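Could you walk me through this structure in the viewer? I would like to know what to select at each stop and what is there.

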Amino acid sequence: PKRRLFELLQSQGLQMNQQIEFLSDGGETVRDLQLYLSPEAEHLLDWFHLAMRFTTMTQSAKGLPETMGDEQPLPLRDEVIRQLERTKWFLWHGNVFRALQVLTTILFDLEMAAGEHEAGKSGKLLQVVQEFYTFIDRNRAFIPNYGERYRNGERISTGFVESTVNYVVSKR
């Protein structure tokens, strides 16, 4: 399949020194294919896939207890949701370092909550946020300043492709 795709791109006029951008979901197999096709290309993490993960995490956070701690209760649910929004904002602006710092704060809060309650929702969200942290850390080199790209009319997402694929699959 790699070779066929390479030949297809060449038949469409792809030159070996041509500048090309790849947007992907951050998966290693897709990244390997992109590097095979054009090692000098610009590789970007697709905003659509980041936004979908934030939507899932925020929905899960809405099921958290409102507070944690018995003697002096601390806000949990609203604080985690607020910190997820901050993380999203930092990633939108390409500030991966700060996004990872905020994710660390969320992880700390969720670990405290999971230890206090019988894990439950906070434990499940803790696992998802840990996986997201690893995902962002591994893909940090492929996260641009999405806001700047968006304002300059550059592509930041493959959402239109995802939509088309979903439409075709639903018709079948």
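Here is a tour in a few stops, made on a predicted model.

**Stop 1: helix α2**

Start by selecting residues 28–37, which form helix α2. Colour Arg31, Gln34 and Leu37, the buried residues of this helix. They sit on the same side of α2, because they cover an arc of only 125° around the axis. Now turn to the face pointing away from that buried side, where you will find the exposed residues Glu28 and Thr29. What lies over the buried residues? Show α1 (2–11), β1 (21–24) and β2 (42–45), which are among the elements that cover them.

**Stop 2: the nonpolar cores**

Next, look at the largest nonpolar core, which has 33 residues. Select Leu50, Val80, Leu91, Phe132 and Ile136, as these touch the most other members. Helices α3, α4, α5 (96–116) and α6 each supply at least two residues of this core. Which helix gives the most to this core? That is α5, with 9 residues. A second core is separate from this one and has 6 residues, including Phe6, Leu14, Phe22 and Leu37. You have already met Leu37 as one of the buried residues of α2.

**Stop 3: Phe132 and Leu91**

Stay with the largest core and centre the view on Phe132, which is in helix α6 (residues 120–138). Is Phe132 buried or exposed? It counts as buried because its relative accessible area is 1%, and the cut-off is under 20%. Leaving aside neighbours within four places in sequence, Phe132 is in contact with Leu50, Arg53, Phe54, Met57, Thr87, Leu91 and Leu103. Try the distance tool on the C-alpha atoms of Phe132 and Phe54: they are 9.2 Å apart, although these positions lie 78 residues apart along the chain.

Then move to Leu91. With neighbours within four places in sequence again set aside, its contacts include Trp47, Phe132, Ile136, Pro144 and Tyr146. While you are here, select Arg53 and Phe135 as well: Arg53 lies over the face of the Phe135 ring, at 3.8 Å from the ring centre.

**Stop 4: the aromatic cluster**

The whole structure has 7 aromatic pairs. Pick Trp47 and Trp92, whose ring centres are 5.0 Å apart with the planes at 70°, so this pair is edge-to-face. The pair links distant parts of the chain, since Trp47 is in helix α3 (residues 47–61) and Trp92 is in helix α4 (residues 77–92), 45 residues apart. Trp47 is buried, at 11% relative accessibility, whereas Trp92 is partly exposed, at 21%.

Add Tyr146 to the selection. Trp47 and Tyr146 form a tilted pair, with 4.9 Å from centre to centre and 55° between the planes. Trp47 lies in α3 and Tyr146 in α7 (residues 146–151), so the pair ties together parts 99 residues apart in sequence. Both Trp47 and Tyr146 are buried. Finally, bring in Tyr150: ring pairs link Trp47, Trp92, Tyr146 and Tyr150 into a cluster.

**Stop 5: Thr158**

For the last stop, select Thr158, in the loop between α7 and α8 (159–171). Thr158 counts as buried, at 16% relative accessibility. Which side chain does the side chain of Thr158 make a polar contact with? Show Asp46, whose side chain is at 2.3 Å. Beyond its neighbours within four places in sequence, Thr158 is in contact with Leu23, Asp46, Phe48 and His49.

Technical notes
Residues numbered from 1 in each chain as written. Predicted model: local features only at pLDDT ≥ 70, side-chain atom pairs only at ≥ 80, totals over all residues. Heavy atoms only, no water. Buried < 20%, exposed > 50% of the residue type's maximum accessible area, 1.4 Å probe, protein only. Helix = DSSP H or I, 4+ residues; strand = E, 2+ residues; numbered from the N terminus. Arc of directions from axis to C-beta. Contact = heavy atoms within 4.5 Å. Phe/Tyr/Trp six-rings, centres within 6.5 Å; stacked < 30°, edge-to-face > 60°. Lys NZ or Arg CZ within 6 Å of the ring centre and 35° of its normal. Polar contact = N/O pair within 3.5 Å; in protein donor to acceptor, adjacent residues only side chain to side chain. Core = buried A, V, L, I, M, F, W, Y, C linked by side-chain atoms within 4.5 Å.
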